Amino acid sequence: AAQLPVDQLVLTVADDLFAESRLATAHRVANTLRTWADQNPSWRLSDLLRELDTSLKTKQLRLDDEETNFEPRPGVLTLTTMHRAKGLEWDFVHVVDVDGERFRYHPDDAFKGEYGFIGGNPAADVRAALASIAGLPVAPGETPTQAARQEAIAEDFRLLYVAITRARRYLSLSWGVEATRWGRVESVPRSVAFEYLRKQQT
């Protein structure tokens with residue numbers, strides 16, 4: 001695991017060491033370390049750990065807040081995001097906006113971060129260029145934009161998996177059939193996740 005990017009390293013180790021209730025904390029630490037690593041490419045793991053230690057001591061980063069110690073209470077509704085729900089459970093979970101735009105499936109769909117007038121996803125192009133300079137492997141036959149789309153699709157469905165597995169007894173999924181954009185009402189397709197989950201029930 002030592003060869004993995006720092007966020008994947010933390011999550012791999014955390015998965016082996018921590019109970020599920022603490023994985024949300026590990027996820028926050030992993031995201032923070034990845035951000036620092038991206039902002040400071042010359043930092044080694046020891047530098048990242050030193051920064052983490054300093055941030056915890058100075059309270060710039062808090063891991064003991066109300067969200068980390070959250071315990072669902074009977075009769076109380078909780079509104080949260082799929083990211084923050086990781087490691088938590090409720091008897092009933094309702095997931096909203098499970099539509100074909102929030103959970104894109106086809107690689108030819110439009111994705112955030114892409115700009116048609118420059119031919120794709122500039123952030124993905126920069127990451128690919130840096131990976132090439134660093135001698136890291138690049139997926140053959142894929143443009144950086146295509147790879148970023150596949151990564152976005154996979155990440156969205158991993159999040160949906162986290163959301164639906166938060167339910168102990170009852171799960172409800174919904175999507176809005178219409179949305180207003182630029183003053184026009186447009187139909188919104190439901191996610192392919194509905195069809196997949198329906199097949200699992202039969």
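Which residues is methionine 82 in contact with, leaving aside its neighbours within four places in sequence? In this predicted model, the partners are Arg102, Phe103, Leu159, Leu160, Val162 and Ala163.

Met82 belongs to the largest nonpolar core, which has 15 residues. Met82 is among the residues with the most contacts inside this core. The others named for this are Trp90, Val95, Val98, Phe103, Leu160 and Leu173. Strand S1 (90–95), helix H5 (144–164) and helix H6 (192–201) each supply at least two residues of the core. The largest share comes from H5, with 4 residues. In soluble globular proteins, nonpolar side chains tend to be buried together.

Helix H5 has 21 residues. The distance from its first C-alpha to its last is 30 Å, close to the 30 Å expected at 1.5 Å a residue. Buried positions in H5 are Thr145, Ala148, Arg149, Ile153, Asp156, Leu159, Leu160, Val162, Ala163 and Ile164. Among them, Leu159, Leu160, Val162 and Ala163 are in contact with Met82.

A second, separate core has 10 residues. Val10, Val29, Leu33 and Leu48 are included in it. Val29 and Leu33 are also among the buried residues of helix H2. The H2 list further holds Leu23, Thr25, Ala26, His27, Ala30, Thr32 and Trp36.

Helix H2 covers residues 23–39, a run of 17 residues. Its span from first C-alpha to last is 24 Å, close to the 24 Å expected at 1.5 Å a residue. The buried residues of H2 pack against two elements, helix H1 (6–17) and helix H3 (45–57).

Technical notes: Residues numbered from 1 in each chain as written. Predicted model: local features only at pLDDT ≥ 70, side-chain atom pairs only at ≥ 80, totals over all residues. Heavy atoms only, no water. Core = buried A, V, L, I, M, F, W, Y, C linked by side-chain atoms within 4.5 Å. Buried < 20%, exposed > 50% of the residue type's maximum accessible area, 1.4 Å probe, protein only. Contact = heavy atoms within 4.5 Å. Expected span 1.5 Å × (residues − 1).
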